[in-house]
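Today I am opening my notebook on a structure that is new to me. I want to see how its rings sit together and what lines one of its pockets.

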Amino acid sequence: MKQDYIAVSDFSPAQIQEMLDISLNLKKELKAGGNAPILKNKVMGMIFQKPSLRTRVSFDMAMRQLGGDALYLSPNEIGLGQRESIADVARVLSGYVDVIMARVFSHDHILELAKWASVPVINGLSDYNHPCQGMADALTIVEEFGTLKDINVTFIGDGNNVAVSLMHIVAKLGGHFTLASPEGYDLSEQAVAIADKIAETSGSKFRYLRDPHEAVKNAHVIYTDTWTSMGQEAEAKKREAVFPPYQVNEKLVSEADKNAIVMHCLPAHRGHEITDEVADGPHSRLFPQAHNRMHAQKGILAYIFGVGK
């Protein structure tokens, strides 16, 4: 039976830990001289409705370094759900490639692809969640602190797709999650309900606050993201009037744990959600985090193909 990667919440803590362990081992192997070609003769079809730097390059390089290949499919080539039905695209591509990664606007498109594809489908981003980013985030935190258990992770800003996957993977691995967001920009009820269910066994605690200063007290990780994501351009002026109190700056970071790290999924709009002083400062882990996209995606790929254990 094929193994899709649609949401962090679809996997047990043990499965997530296995993917992280594989990621760490493959990262060490790469630094020691290169990865074994465990995905030799495997090809990934990459569907993009949204442009990307990290998702495209990290998946492409992950496949190459593991001995496989990747095929970029632009919005004009696919026209997902417009030029051709999603069901037909999924069934056609399943005869050409070994795995499909899609970066889309609507989460329903990912679910439809997974329903009809006979090869594994990986969610490269949707409007609901960003599980590949979540795995890279967990990898970055574990490398820093050795664990996510009892680590306090605070997300400052919009309760968006990145925040959803971050909250769920923190909960799965026994950390604690705080969101500080303006009114009207909270996490979805669906995402919160899933997190609460996870916490019944993991012991994780959640806080949903308005005050970012209260939110960063005792935080080991401060995380932020752009105030206006792709597809929300019409709301840009409104958001720019609402979010300035949620900027991650030196003052805010100084109120967290003295060894706190700062994370951002990028691209960053410097001077808006994060200042240059923080993004380039001693607490920043923005670029190791970005590089971990490739290493985490290797772990996901190896896991879904049942290799590299």
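**Entry 1: aromatic pairs.** I looked up the aromatic pairs and found seven of them in this predicted model. I began with Phe 11 and Tyr 303, whose rings meet edge-to-face, with 6.2 Å from centre to centre and 80° between the planes. I then checked where the two residues belong. Phe 11 lies in the segment before helix 1 (13–31), and Tyr 303 belongs to helix 13 (residues 286–305). The two are 292 residues apart, so I noted this as a pair that links distant parts of the chain. Are they buried or exposed? I found both Phe 11 and Tyr 303 buried.

**Entry 2: a tilted pair.** Next I turned to Phe 48 and Tyr 72. Their ring centres are 5.2 Å apart and their planes stand at 40°, so I wrote this pair down as tilted. An angle under 30 degrees would have made it stacked, and one over 60 edge-to-face. This pair also links distant parts of the chain: Phe 48 sits in strand 1 (residues 43–48) and Tyr 72 in strand 2 (residues 69–73), with their positions 24 residues apart in the numbering.

I compared how each partner is covered. Phe 48 has a relative accessible area of 2%, so it is buried. Tyr 72 comes out at 29%, so I listed it as partly exposed.

**Entry 3: charges over rings.** What sits over the ring of Tyr 72? I found the charged end of Arg 56 there, 3.8 Å from the ring centre. I saw a similar arrangement at Trp 116, where the charged end of Arg 91 sits over the ring, 4.6 Å from its centre.

**Entry 4: a cluster.** I also noted one aromatic cluster, made up of Tyr 185, Trp 227, Phe 243 and Tyr 246.

**Entry 5: the second largest pocket.** I ended with the second largest pocket, which has a volume of about 160 Å³. Which residues line this pocket? My list reads Leu 53, Arg 54, Val 57, Ser 58, Met 61, Ala 290, His 291, Arg 293, Met 294 and His 295. Helix 2 (54–65) and helix 13 each supply at least two residues of the lining. The largest share, five residues, comes from helix 13, which I had already met as the home of Tyr 303. By type, I sorted the lining into five nonpolar, three polar and two charged residues.

Technical notes:
Residues are numbered from 1 along each chain as its sequence is written. This is a predicted model: local features need pLDDT of at least 70, side-chain atom pairs count only at pLDDT 80 or more; totals for chains, interfaces and linings use all residues. Side-chain values use heavy atoms; hydrogens and water are left out. Rings of Phe, Tyr and Trp (its six-membered ring) pair if their centres lie within 6.5 Å; planes under 30 degrees apart count as stacked, over 60 as edge-to-face and the rest as tilted. Helices (H or I, at least four residues) and strands (E, at least two) are DSSP runs, numbered from the N terminus. Buried means under 20% relative accessible area, exposed over 50%, partly exposed in between (1.4 Å probe, protein chains only). A charge sits over a ring if NZ of Lys or CZ of Arg is within 6 Å of the ring centre and within 35 degrees of the ring normal. On a 1 Å grid over the protein atoms alone, a cavity is a set of points where a 1.4 Å probe fits but cannot get out, and a pocket is an open set with protein on both sides within 12 Å along at least five of seven lines; lining residues have an atom within 4 Å of a point. Grid points are joined across faces, edges and corners, and a volume is the space filled by probe spheres set on the points. Ala, Val, Leu, Ile, Met, Phe, Trp, Tyr, Cys and Pro count as nonpolar, Asp, Glu, Lys and Arg as charged, and the others, Gly among them, as polar.
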